[in-house]
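Q: Hey, can you walk me through this structure? I'd like to look at the pockets, the cysteines and a bit of the sheet.

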Amino acid sequence: MSLDESMIHDIVQKVMANMQIAGSVEGMHGVFQDMNDAIKASIEAQKVVRNLTLDQREKIISAIRRKTHENAEIIANMGVNETGMGNVGDKILKHHLTADKTPGTEDLSTIAWSGDRGLTLVEMGPFGVIGAITPATNPSETVICNSIGMIAGGNTVVFNPHPNAKKTTIFTINMINEASLEAGGPDNIAVTVEVPTMDTSAIMMKHPAIPLLVATGGPGVVTAVLSSGKRAIGAGAGNPPALVDDTADVRKAAQDIVNGCTFDNNLPCIAEKEIVAMDSIADELMHYMIQENGCYLANKEVQDKLTATVITPKGALNRKCVGRSARALLSMVGVEVGPEIRCIVFEGPKEHPLIATELMMPILGMVRVKTFEEGVETAVWLEHGNRHSAHIHSKNVDNITTYAKAIDTAILVKNGPSYAALGFGGEGYCTFTIASRTGEGLTSAQTFTKRRRCTMSDSLCIR
Ligand code: NAD
């Protein structure tokens, strides 16, 4: 059944209003008042999940995929409504992408050695109960994606979501448990608390029954899980530069960069956050961005006003500006433009605060460089050693190779928009947890498993 826009709006308003009434999340699957109760329920659910066959786990995952497709518009609306960030159209696409391209149990593989002395296998087994911390920028996408991968691996998961996205997360977790129950699985395969806080996060991080923590967010949370004394996967911040050299298809580069940068109002951590362009093509690139791709060229006065608006005097991001459209940001500084404007562009030095800071807003500063070598050096500086994501537009294989080695990121997109790296218009699977700091890269079911060696001595080899 396809719902029209007004029906979706009514449903979202009703769900959000219901959740405002204290205790109204009672009866929603997987939602607890006390973090210890949530963890207890997750432990019980994991005892069931670990004994499910792979086929049974896959049935649960199929039901999660189906329900994600069915609820994509509602959850996308809820996310924008609650966080004030992103745009509904792109969030709908992100949910369909998550449902279609997050790997399930097929991601788990076995290594085998057989020979004169028998048979040895290495299998991927569950950790048990995983503690996951999720961001406000992709709240439901991350919860769905983490849940599919973690359940495929035989785990259950306790979420401590960003407080600004708790309702969207609760709705999503309820949906995941309904999917499990409908597929014959247990309740509480994913759980959370009604009011997530730093205290509930601390309880989760310290709980002895949780052996693995997965943090998706900024530097603070990644450092927190890495300091927990437990095994932790840290998917941290980025500031992806898009380098354009003098061999690039400049017109296409302009289109790809603006499309990637403006997707969900620049919320994805992989999205183009600034451009480094060689002098010989910089004017042409700027021309195509402005003339053909809905970019607004900000003069010095507008740049200064934007800087003062989107970055606080202490250097932090103004959360009211994160994930807002170019039009809304310009309006905040007294510039009114039409809906055709998707992105704000300007040229500046690499140290410009709107260039050097990970803004998560459709603001694209361009740094002009004389040589390719200077371009690489500048891009590496701008990535701040996050080792997260970077992009390049070039037809020169040697340049691409040099850049790839120098920037050393988990993701490097060549000649396409950043979202191609998530399997959206590119090959490969999707994830919303890119373990940049701890090196697992794009996480999937196998990331959430531990390796176990099983050896049969002197038999079972039939060669
Ligand atoms: P955030 O860091 O403010 O919050 C992320 C999560 O961490 C939230 O649940 C928050 O409550 C929690 N948190 C923050 N500090 C904490 C601490 N000291 N201890 C415990 N929990 C803490 O980030 P956000 O605004 O929600 O998301 C945007 C940031 O996340 C950006 O930096 C972006 O690059 C990054 N991000 C990275 C990935 C990735 O896959 N690498 C994906 C999405 C977002």
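**Cysteines, pockets and strands**

A: Sure, and let's begin with a cysteine: the sulfur of Cys454 is 15 Å from the closest cysteine sulfur, in Cys461, and that is too far for a bond. Keep in mind that this is a predicted model.

Q: Is Cys454 buried or exposed, or something in between?
A: Cys454 is partly exposed, with a relative accessible area of 44%.

Q: How many disulfides are there, then?
A: The count is 0 disulfides. Take Cys343: its nearest cysteine sulfur belongs to Cys261 and is 3.9 Å away, and Cys343 is in no disulfide. The two sulfur atoms would have to be within 2.5 Å to count as a pair.

Q: Remind me, what is a disulfide?
A: A covalent bond between the sulfur atoms of two cysteines.

Q: And how accessible is Cys343?
A: Cys343 is buried, at a relative accessible area of 0%.

Q: Which strand does β12 pair with?
A: β12, which covers residues 343-347, pairs with β13 in the parallel sense, over 4 bridges. In that pairing, Phe346 stands opposite Gly365 in β13.

Q: What else is joined to β13?
A: Strand β10 (residues 274-278) is joined to β13 by 5 bridges, and these two run parallel. Here Glu274 has Gly365 of β13 as its bridge partner. Gly365 therefore turns up in both pairings, facing Phe346 and Glu274.

Q: How many residues of β13 are buried?
A: 6 of the 7 residues in β13 (residues 363-369) are buried, and the strand is mostly covered.

Q: Switching topic: what volume does the largest pocket have?
A: About 800 Å³. There are 38 residues lining the largest pocket, and the closest to its centre are His162, Thr216, Gly217, Gly218 and Val221.

Q: Which elements give two or more residues to that lining of the largest pocket?
A: Those are β4 (129-134), β5 (156-161), α7 (198-206) and α8 (219-226). α8 gives the most, with 4 residues.

Q: Which domains does the lining of the largest pocket draw on?
A: At least three residues come from each of domain 1 (5-236 + 441-453) and domain 2 (241-427).

Q: And what classes of residue are in the lining of the largest pocket?
A: There are 19 nonpolar, 17 polar and 2 charged residues.

Q: OK, what about the second largest pocket, how much space lies in there?
A: About 230 Å³. It has 13 lining residues, and the closest to the centre of this second largest pocket are Leu54, Arg57, Met124, Gly125 and Pro126.

Q: Where does the largest share of the lining of the second largest pocket come from?
A: From β3, with 4 residues. Both α3 (54-83) and β3 (118-126) supply at least two residues of that lining.

Q: How does the lining of the second largest pocket look by class?
A: It has 4 nonpolar, 5 polar and 4 charged residues.

Q: Last thing: how many cavities of 30 Å³ or more are there?
A: Just 1 cavity makes that count. The largest cavity has a volume of about 40 Å³.

Q: Which residues line the largest cavity?
A: Asn138, Pro268, Cys269, Ile270, Leu422, Phe432 and Ile434 do. By class, the lining of the largest cavity has 6 nonpolar residues, 1 polar and no charged.

Definitions and conventions
Residues are numbered from 1 along each chain as its sequence is written. This is a predicted model: local features need pLDDT of at least 70, side-chain atom pairs count only at pLDDT 80 or more; totals for chains, interfaces and linings use all residues. Side-chain values use heavy atoms; hydrogens and water are left out. Buried means under 20% relative accessible area, exposed over 50%, partly exposed in between (1.4 Å probe, protein chains only). On a 1 Å grid over the protein atoms alone, a cavity is a set of points where a 1.4 Å probe fits but cannot get out, and a pocket is an open set with protein on both sides within 12 Å along at least five of seven lines; lining residues have an atom within 4 Å of a point. Grid points are joined across faces, edges and corners, and a volume is the space filled by probe spheres set on the points. Ala, Val, Leu, Ile, Met, Phe, Trp, Tyr, Cys and Pro count as nonpolar, Asp, Glu, Lys and Arg as charged, and the others, Gly among them, as polar. Domain bounds come from an automatic or database domain assignment. Two strands pair if DSSP finds at least two bridges between them.
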